[in-house]
Amino acid sequence: MRGQNKRIIIEEYGIRTRALEIFGTEIAVFEYSHPIERVKKEFLKLYEEVKPTYAELVDWMGVEAFDAKGNSKCDTTLKRTQAFCEKAGVDFEAVKAELENYGAYCDCEIIYNAIDIMDTDQPLPLRG
Ligand SMILES: [Zn+2]
């Protein structure tokens, strides 16, 4: 399921190093012959390059703000957007201002108004 946080555990495993990528209920296991410090460093580099984009917020909102029949559960606030930003380390005030440019003043309006006119590939502004 998209929009969930991925967790990485890197541990020594016998004479090798093992990385566990945990994503919802899925676990991927990778083994390396490099020492643990080197594996950690390479994973950090990898994740610094993966910047969250507006597409992830849009995907998440499609699931969070609507019920199974597609009806909006929005309470006319951006509380779900704010929760997403807190989880993802994103600057909520900057996102709020950007969304308002596209006519999204509450969570469901991201789907109704913003999604078709905004560039969802642009990265989300990270908290400083
Ligand atoms: Zn709404």
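Into which domains is the protein chain divided? In this predicted model, the chain separates into domain 1, residues 6-49, and domain 2, residues 54-114. Colour the two ranges separately before going further. Their centres, taken over C-alpha atoms, are separated by 32 Å.

**Stop 1: the sheet**

Select residues 6-13, 16-23 and 26-32. Strand 1 (6-13) and strand 3 (26-32) are the edge strands, each of which pairs on one side only, and strand 2 covers residues 16-23. Together the 3 strands form an open sheet in the order 1-2-3, with antiparallel pairing. From one strand to the next, the twist averages 20°.

Begin with the pairing of strand 1 and strand 2. These two strands run antiparallel and are joined by 8 bridges. To inspect one position of this pairing, display Arg-7, whose bridge partner in strand 2 is Ile-22. Then move to the turn: strand 1 and strand 2 form a hairpin with 2 residues between them, and Gly-14 in that turn has a positive phi of about 65°.

Continue across the sheet to strand 2 and strand 3. Here 7 bridges join the antiparallel strands. Two positions may be displayed: Phe-23 stands opposite Glu-26 in strand 3, and Glu-21 stands opposite Ala-28 in strand 3. This pair of strands is also a hairpin with 2 residues between them, and Gly-24 in the turn has a positive phi of about 65°.

**Stop 2: Ala-28 on strand 3**

Is strand 3 largely buried or in the open? Of its 7 residues, the number buried is 0, so strand 3 lies largely in the open. Centre the view on Ala-28, which lies in strand 3. Ala-28 has 11 C-beta neighbours inside 10 Å and therefore counts as exposed, given that the limit for an exposed residue is 12 or fewer. A distance may be drawn from here to Val-39: the two residues are 11 apart in sequence, and their C-alpha atoms are 15 Å apart in space.

**Stop 3: the loop at Pro-52**

Now select Pro-52, which is found in the loop between helix 1 (36-49) and helix 2. With 17 other C-beta atoms within 10 Å, Pro-52 is partly exposed. Which residues does Pro-52 contact, leaving aside its neighbours within four places in sequence? The contacts are Ala-88, Val-90, Pro-123 and Leu-124. Add Asp-121 to the selection as well: Pro-52 and Asp-121 are 69 residues apart along the chain, yet 9.0 Å separates their C-alpha atoms.

**Stop 4: helix 2**

Select residues 54-64, the range of helix 2. Its buried residues are Tyr-54, Leu-57, Trp-60 and Met-61. These residues cover an arc of only 120° around the axis, and therefore lie on the same side of helix 2. Show helix 3 and helix 5 next, since the buried residues of helix 2 pack against both of these helices.

**Stop 5: the largest nonpolar core**

Nonpolar side chains tend to be buried together in soluble globular proteins. The largest nonpolar core here has 16 residues, of which Leu-57, Met-61, Val-95, Leu-99, Ile-110 and Leu-124 touch the most other members. Two or more residues are given to this core by each of helix 2 (54-64), helix 3 (79-88), helix 4 (92-101) and helix 5 (107-114). Helix 2 provides the largest share, 4 residues.

Keep the core visible and centre on Leu-124. Not counting residues up to four places away in sequence, Leu-124 touches Pro-52, Thr-53, Tyr-54, Leu-57, Ala-88, Val-90 and Val-95. The contact with Pro-52 leads back to the residue of Stop 3.

**Stop 6: Thr-76**

Finish with Thr-76, found in the loop between helix 2 and helix 3. Is Thr-76 buried or exposed? It is exposed, with 11 other C-beta atoms within 10 Å. Its backbone also merits inspection: Thr-76 has a positive phi of about 60°, although it is not a glycine.

How values were computed: Residues are numbered from 1 along each chain as its sequence is written. This is a predicted model: local features need pLDDT of at least 70, side-chain atom pairs count only at pLDDT 80 or more; totals for chains, interfaces and linings use all residues. Domain bounds come from an automatic or database domain assignment. Two strands pair if DSSP finds at least two bridges between them. Axes are lines fitted to C-alpha atoms, for helices over the stretch in contact, and angles run from 0 to 180 degrees between N-to-C directions. A nonpolar core is a set of buried Ala, Val, Leu, Ile, Met, Phe, Trp, Tyr and Cys residues joined through C-beta atoms within 7 Å. A residue is buried if 20 or more other C-beta atoms lie within 10 Å of its own, exposed if 12 or fewer, and partly exposed in between; C-beta atoms are placed from the backbone. Two residues are in contact if their C-beta atoms, placed from the backbone, lie within 7 Å. The arc is that of the directions from the helix axis to the C-beta atoms.
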